[in-house]
Amino acid sequence: MDPLCQIANSFLRLTRFSYRFVLGKKGCKVNIDLRFDCGHFHHLAGFQYLRDIDFIRTAEKEAVFLAVLEERITMALLEKSPNFQKILPDRS
């Protein structure tokens, strides 16, 4: 399985859950709801930097996520982009 597809599958498991945090201090309460939608993968993966790949630039974010899951978009494709270095994790 392509490494990008593995990452997308891990993210897909997160979409089944939502998390609610209730924070309070000095009588003031704040609710934070955290959830992951398929369309969120686009920015978490850094696809906004890959403007030279037409499908990633023009398609709906959910369609791009599905294409990654179906291995129509692979790590090998992303590596061809001159902007690929922008989405690599910082190793400092």
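These legends describe close-up views of a predicted model.

**View 1. The largest pocket and its lining.** This pocket holds about 220 Å³ of space. Three elements give two or more residues each to the lining: α1 (3-14), α2 (41-44) and α5 (75-79). Lining residues include Leu4, Ile7, Phe41 and Leu44. Also among them are Ala45, Phe47, Met75 and Leu78. Phe84, Ile87, Leu88 and Pro89 line the pocket too.

**View 2. Residue classes in the lining of the largest pocket.** Which classes does the lining have? It has twelve nonpolar residues. Polar and charged residues are absent from the lining. Phe41, Phe47 and Phe84 are among the lining residues, as is Met75.

**View 3. The β1-β2 hairpin.** Strand β1 covers residues 18-25, and strand β2 covers residues 28-35. The two strands pair in the antiparallel sense, over eight bridges. Tyr19 has Leu34 in β2 as its bridge partner. In a regular strand, side chains alternate between the two faces of the sheet.

**View 4. The turn between β1 and β2.** Two residues lie between the strands of this hairpin. Lys26 sits in the turn, with a positive phi of about 50°.

**View 5. Packing of α1 and α4.** Helix α4 spans residues 61-69. Two packed helices are described by the angle between their axes and the distance between the axes. For α1 and α4, the angle is about 120° and the axes are 8 Å apart. The two helices are therefore oblique to each other. How does α1 pass α4, in a left-handed or a right-handed crossing? The crossing is left-handed.

Notes: Residues are numbered from 1 along each chain as its sequence is written. This is a predicted model: local features need pLDDT of at least 70, side-chain atom pairs count only at pLDDT 80 or more; totals for chains, interfaces and linings use all residues. Side-chain values use heavy atoms; hydrogens and water are left out. On a 1 Å grid over the protein atoms alone, a cavity is a set of points where a 1.4 Å probe fits but cannot get out, and a pocket is an open set with protein on both sides within 12 Å along at least five of seven lines; lining residues have an atom within 4 Å of a point. Grid points are joined across faces, edges and corners, and a volume is the space filled by probe spheres set on the points. Helices (H or I, at least four residues) and strands (E, at least two) are DSSP runs, numbered from the N terminus. Ala, Val, Leu, Ile, Met, Phe, Trp, Tyr, Cys and Pro count as nonpolar, Asp, Glu, Lys and Arg as charged, and the others, Gly among them, as polar. Two strands pair if DSSP finds at least two bridges between them. Axes are lines fitted to C-alpha atoms, for helices over the stretch in contact, and angles run from 0 to 180 degrees between N-to-C directions. Angles under 35 degrees count as roughly parallel, over 145 as roughly antiparallel, 65 to 115 as roughly perpendicular and the rest as oblique. A crossing is left-handed if the near helix is turned anticlockwise from the far one by less than a right angle, and right-handed if clockwise.
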